[in-house]
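I opened the notebook with a short list of things to look up: charged pairs, nonpolar cores, the main pocket, and a few single residues. The entries follow in the order in which I went through them.

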Amino acid sequence: LHNHPSGLLLPSDADLDEQVANLADRFATLTTVERAVEDKDFVTIDLSLTADGEPVEDGVATGLSYEVGSAGLLEGLDSALVGLSAGESAEFDAPLAGPYADKTGRASVTVKAVRVKQLPAIDDEFAQEASEFDTLAELRADLTTRLERVRRMEQGMQARDKVLESLLDTIDIPLPERVVDAEIAARAASLDEQLAANGLDLDTYLASQSETLDDHQAHVKADVERDLRTPFILDAIVAKEELVLQEAELTEYIVRRASRVGVTPDAYADQLVRSGTVPLAVADVLRGKALAFVLEHAVVTDAPGRSVVLNQLERDAATR
């Protein structure tokens, strides 16, 4: 098995510079300026929407903070803002969604304040303010260690996915058509519900993904078949290799899952017992062991062709 994931090189100076810049951005301050709005400025605005000349329900916002150029609020807003000064207003056409999708949308925006971001100087003083370290060199060394840890975890997860891909390509497990169809229908219903909650429909979603309906359905079917076949394969490995669950492994699983949902391990364990899902948790842990077993015996290489040692992978990197 040859794995060719990207981004497996050790952190470069550019990677570290980017991490430091991201950290500095969190300590940036906004300063009010007396000039017209420019791209990347931060503005405070009042915004209102109309549809066919009538106010849109919940279409008014006051004192809204917005970064010009982020294109994350309303189409046409960025162009309307550039060039305005505090106290000035503009109107522009605005596409609407949901129940207003077939109506002509119009937006009015008023600039209340214009601010620019000021980043701190990247030096030892910044390191002391932004971290527990006294010097910038110490901060960069710590970021290097963290990035290396992330890269190793990403490498492990990519290897895990390649192993699963290889197993699924090698082993043919027939699936009952009715089971596949039922799962496809359930996922379609879930997607429709999510889209409706955001005032969207399937056609809009497909357009945003640059995907045709046939392509979308093919992808969903492939995902469903993969997700249904995977546990069968891993269960077969558990049986063949006679893998056994250790109490410490189940405890580790409970602690990890409890942390993810924000409850205590005891509360999560009680929930498993009350819901009768302890066998599902046991199966999940054993499938993780099966995948870890395969990883340990697979020959995996990175993009440059170097062998990747996966024996010490974190179990949560080997468990879906």
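Entry 1, a charged pair within one helix. I looked up Glu-165 and found it partly exposed, at 40% relative accessibility, in what is a predicted model. Its partner Lys-162 is also partly exposed, with a relative accessible area of 25%. The two form a salt bridge in which the closest N and O atoms are 3.9 Å apart, a separation that falls inside the 4 Å limit for such a pair. I then asked myself why these two residues are separated by about one helical turn. They are 3 residues apart in helix H4, which runs over residues 136-170, and therefore about one turn lies between them.

Entry 2, a network. I noted next that salt bridges with shared partners join Glu-183, Arg-187, Asp-223, Arg-226 and Asp-227 into one network. How many salt bridges does the count come to? I wrote down 19.

Entry 3, two further pairs. Lys-117 and Asp-25 meet through their side chains in a salt bridge, at 2.6 Å from N to O. This pair links distant parts of the chain, since Lys-117 sits in strand E5 and Asp-25 in helix H1 (residues 13-26), 92 residues apart. Lys-117 counts as partly exposed at 32% relative accessibility, and Asp-25 is partly exposed with a relative accessible area of 37%. I also looked up Glu-38, which forms a salt bridge with Arg-35 with the closest N and O atoms 3.8 Å apart. Glu-38 is partly exposed, its relative accessible area being 43%, and Arg-35 counts as partly exposed at 28%.

Entry 4, the loop after H1. Ala-28 lies in the loop between H1 and strand E1 (29-32), and I recorded it as partly exposed, at 23% relative accessibility. Which residues does Ala-28 touch, once those up to four places away in sequence are not counted? They are Lys-117, Gln-118, Leu-119 and Pro-120, so that Lys-117, the salt-bridge partner of Asp-25, appears again in this entry. For Ala-28 and Pro-120, I noted a C-alpha to C-alpha separation of 6.2 Å across 92 residues of sequence.

Entry 5, the nonpolar cores. The largest nonpolar core has 22 residues, and those with the most contacts inside it are Ile-45, Leu-74, Leu-77, Leu-81, Phe-92 and Val-109. Strand E2 (42-51), strand E3 (54-67), helix H2 (77-81), strand E4 (89-93) and strand E5 (105-118) are the elements that give two or more residues to it, and E2 supplies the largest share, 5 residues. I then followed Leu-81 outward: beyond its neighbours within four places in sequence, Leu-81 is in contact with Val-37, Val-43, Ile-45, Tyr-66, Val-68, Val-109 and Val-111. A second, separate core of 16 residues includes Ala-159, Ile-233, Leu-234 and Leu-295.

Entry 6, the largest pocket. I put the space in the largest pocket at about 440 Å³. Its lining has 18 residues, and Leu-49, Val-56, Asp-58, Leu-74 and Leu-96 lie nearest the centre; Leu-74 is also among the residues with the most contacts inside the largest core. E2 and E3 are the elements that give two or more residues to this lining, and E3 gives the most, with 7 residues. The lining divides into 14 nonpolar, 2 polar and 2 charged residues.

Entry 7, Leu-195. Buried or exposed, I asked of Leu-195? It is buried, because its relative accessible area of 8% is under the 20% cut-off. Leu-195 lies in helix H5 (residues 177-197) and, leaving aside neighbours within four places, is in contact with Leu-200, Asp-201, Leu-202 and Tyr-205. Its C-alpha atom is separated by 9.9 Å from that of Gly-98, 97 residues away along the chain.

Entry 8, backbone angles. Most residues other than glycine have a negative phi. Ala-71, in the loop between E3 and H2, has a positive phi near 50° and is exposed, with a relative accessible area of 60%. Ser-210 also has a positive phi near 50°; it lies in the loop between helix H6 (202-208) and helix H7 (213-241) and is exposed, at 71%.

Note on methods
Residues numbered from 1 in each chain as written. Predicted model: local features only at pLDDT ≥ 70, side-chain atom pairs only at ≥ 80, totals over all residues. Heavy atoms only, no water. Core = buried A, V, L, I, M, F, W, Y, C linked by side-chain atoms within 4.5 Å. Buried < 20%, exposed > 50% of the residue type's maximum accessible area, 1.4 Å probe, protein only. Contact = heavy atoms within 4.5 Å. 1 Å grid on protein atoms, 1.4 Å probe; cavity = no way out; pocket = protein on both sides within 12 Å on 5 of 7 lines; lining within 4 Å. Points joined across faces, edges and corners; volume = space filled by probe spheres on them. Nonpolar A, V, L, I, M, F, W, Y, C, P; charged D, E, K, R; others polar.
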